[in-house]
Amino acid sequence: MRGFLRPAAGLICTFALAVTGCSADSGGTSHASGGTSYAPYVSATDASATDSAGSPATYNLAFVISDGSGCTPKWDGSEAIGDPAVQSRIARLKRDGATVRVSFGGASGKELAQACDSASELAAAYGKALDAAGSALADFDIEGATLTDSDSVALRSKAIAELQRDRPDLEVSFTLPVMPSGLDSDGLALLESANTYDVQVSTVNIMTMNYAESYDGDMGGYALTSARATHAQLKKVFALSDADAWRGMALTSMIGVNDVAGETFTLSDAAQVRAFAEEKEIAWVSMWSSFRDRQCAHGRSGRDDPATNCSGVKQSSGAFGRSLSG
């Protein structure tokens, strides 16, 4: 997969995922349009009855991070990459033809780029996790203090570029926080770093959630506003057409009650996001997370109390997955 190619002198190349792709002169590969797929975030270690709601095309396996003491990749920082129980779980997720994408990072723990000493060591750590999952899809969920760490941002870009030289079919997505005004300066700097080191980026996945307490209105509307603002930024950063910038984007919402007071993403919001994604031919839509896609038990979580294993809103089990999958 080649996408978001940084043009060499005199060449212009466009984003290649689900679009016609680059011209022969620029060395790109042609890809036919495949529509907007559904790819929820799931636990890599624990199965949920709602994982398969909406029949996902891809599962984002959350998360591979450092073991906390060095450059050893582990699921959730605790389970070995080759853990037999995780291997069995991944095999079950793939059983009906879905693929898996290994997601590195997340909001907790230490991302490997902050634990490894060199680009080659980091590339090897990423590669071990991808091989264990049998995946050629890598997602880098970079947020919080990790996003502001310029040294680890540069090291990660170098390592991904090295990994892609060894694995030409590796598809890379970056999952980044967003506001209705778009990506912040740190998110844009990460994308510029990817450009600098010739990382081939398939998709920029924006987390349309947890904005700030002043954003307590229509979460579906905020998601669309965030997408439009990011679209303009991606056009500029990667010199893309309107259509290619949309097809190089993914949208991830936190279903139900969010971590910021007043923010609740409803089933109506999910339908709105899905319709918008299909209209714009956005690459994929996702949610945090499959294991929250159910109503909370009575008395355990209300509309103002986000929970780790339920949505905090009235719903049938799997309803968000079905809505986001279209």
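**Terms and model.** A residue is called buried when its relative accessible area is under 20%, exposed when it is over 50%, and partly exposed in between (1.4 Å probe, protein chains only). The structure shown is a predicted model, in which local features need pLDDT of at least 70 and side-chain atom pairs count only at pLDDT 80 or more, while totals for chains, interfaces and linings use all residues. Residues are numbered from 1 along each chain as its sequence is written, and side-chain values use heavy atoms, with hydrogens and water left out.

**View A. The protein as a whole has 8 helices and 13 strands.** Helices (H or I, at least four residues) and strands (E, at least two) are DSSP runs, numbered from the N terminus. Of the 326 residues in the protein, 56% are buried. If one takes the contacts (heavy atoms within 4.5 Å) between residues at least 6 apart in sequence, 70% of them join residues that are at least 24 apart.

**View B. Helix H3 runs from residue 150 to residue 166.** With 17 residues at 1.5 Å a residue, H3 should span 24 Å, where the expected span is 1.5 Å times one less than the number of residues. The C-alpha atoms at the two ends of H3 are 25 Å apart, which agrees with that expectation. The buried residues of this helix are Ser152, Val153, Ala154, Leu155, Arg156, Ser157, Ala159, Ile160, Ala161, Leu163 and Gln164. Among the elements that cover these buried residues of H3 are two helices, H2 (119–133) and H4 (185–196), together with two strands, S7 (137–141) and S8 (171–177).

**View C. Strand S13 pairs with S1 and with S10.** Two strands pair if DSSP finds at least two bridges between them. Strand S13 covers residues 284–288, and 4 of its 5 residues are buried, so that the strand is mostly covered. Strand S1 (residues 37–38) runs parallel to S13 and is joined to it by 2 bridges; here Ser37 stands opposite Trp284 of S13. Strand S10 (249–254) also runs parallel to S13, and 5 bridges join these two strands, with Ser253 standing opposite Met287 of S13.

**View D. Two cis peptide bonds are shown here, one between Ala62 and Phe63 and one between Trp288 and Ser289.** Most residues other than glycine have a negative phi, and most peptide bonds are trans. The bond that joins Ala62 and Phe63 is cis, with omega about -20°, and Phe63 has its place in strand S3, which covers residues 58–66. For the cis bond from Trp288 to Ser289, omega is near 0°, and Ser289 is found in the loop between S13 and helix H8 (319–325).

**View E. Asn210 and Ala239 each have a positive phi although neither is a glycine.** The phi of Asn210 is about 50°, and this residue lies in the loop between strand S9 (201–207) and helix H5 (219–238). Asn210 is partly exposed, with a relative accessible area of 26%. The phi of Ala239 is about 55°, and the residue is placed in the loop between H5 and helix H6 (242–247). Ala239 is likewise partly exposed, with a relative accessible area of 44%.
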